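User: Could you take a close look at a single part of this model and tell me how it is placed among its neighbours? A careful, connected account would suit me best.

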Amino acid sequence: MKLTAYLDGIGLIGPGLDNWPMARPILAGTAPYAARPLVVAAPQSLPPAERRRTGLAIKVALAVGEEAVTAGALDAKQLAAVFSSSGADNDNCSAICEVLASDDRHISPTRFHNSVHNAPAGYWGIASGAMTPATVLCAHDGSFGAGLLEAMTQVAVEGWGTLLIAYDMPYPEPLHAKRPLPSAFGIALALMPERSAQSLARLELELTDAAPDALAEPALEALRLAIPTARGLPLLQCVAREEGGRVLLDYLAPLRLAVTVEPCR
């Protein structure tokens, strides 16, 4: 079965990739890539009390989600959402582990509140006012592919406009030594059942067992391999080039996702 959706908006943030307009020429191969530390502002869409409680994972998730919605001229309140991450708030996970390994095992309410995998979905609901369905999932290194498959299934089966928000962040030591994610990274895709004036491309997805695509730029390929969310970069590269084609993305081995991209502009 092939799943179809229209891509109306993109959000992107990563080291040296501040947003989609800035990253587009880099991915298209018309501008050089230079990695630099990631800076993410606190989401101004949240009330002050909630804003103070946000960690890096929530900041990244909301930043890319809001960028995709704005780019697509969409109403976030009308979109279902799929959140996908290989680990969610890894700083918070590490901090809780340290407390539980200490003599004082009292966990702060904020740490406990942010420890659940669906915390960014809750903050998204507060920031956007959306009361539409939100799905939260994790599939280790296949998390981007799992999120894309779920989001496009919702578009195809339910007929919902669906926002995919995929994000990751690094662990501090000593967990970093066991799970070495080099940076935070986020991708958001606003996927719609019908073509609009904002549509960038038509996407058609099916499962395959073919090998995933690699990126020719060594530094970008290193990101793709190191960060689960960055496994979506070949898809964004195809959209950035406006040439169309078939992209093969990581999923859960031995399966991968084959995405056919047809530009709308």
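What follows is one request about a strand and a helix, and one connected answer.

User: How is strand β4 covered and paired, and which residues of helix α1 are buried?

Analyst: The model is a predicted one, and the description below should be read in that light. Strand β4, which spans residues 162-168, is mostly covered, with 7 of its 7 residues buried. In a regular strand the side chains alternate between the two faces of the sheet. In β4 both faces are covered, with Thr162, Leu164, Ala166 and Asp168 buried on one side, and Leu163, Ile165 and Tyr167 buried on the other. As for its pairing, β4 runs parallel to strand β2 (residues 80-84), to which 5 bridges join it, and within this pairing Leu164 is the bridge partner of Val82. With strand β5 (residues 185-192) the arrangement is antiparallel and comprises 7 bridges, Ala166 of β4 having Ile187 as its bridge partner in β5.

Turning to helix α1 (residues 20-28), its buried residues are Trp20, Ala23, Ile26 and Leu27. They lie on the same side of α1 because they cover an arc of only 120° around the axis. These buried residues pack against β1 (3-13), α3 (56-71), α9 (218-226) and α10 (233-241). At the start of α1, a side-chain oxygen of Asn19 comes to within 2.8 Å of the backbone nitrogen of Met22, while just after the helix Gly29 adopts a positive phi of about 90°.

Terms used:
Residues numbered from 1 in each chain as written. Predicted model: local features only at pLDDT ≥ 70, side-chain atom pairs only at ≥ 80, totals over all residues. Heavy atoms only, no water. Buried < 20%, exposed > 50% of the residue type's maximum accessible area, 1.4 Å probe, protein only. Helix = DSSP H or I, 4+ residues; strand = E, 2+ residues; numbered from the N terminus. Pairing = 2+ DSSP bridges. Arc of directions from axis to C-beta. Contact = heavy atoms within 4.5 Å. Polar contact = N/O pair within 3.5 Å; in protein donor to acceptor, adjacent residues only side chain to side chain.
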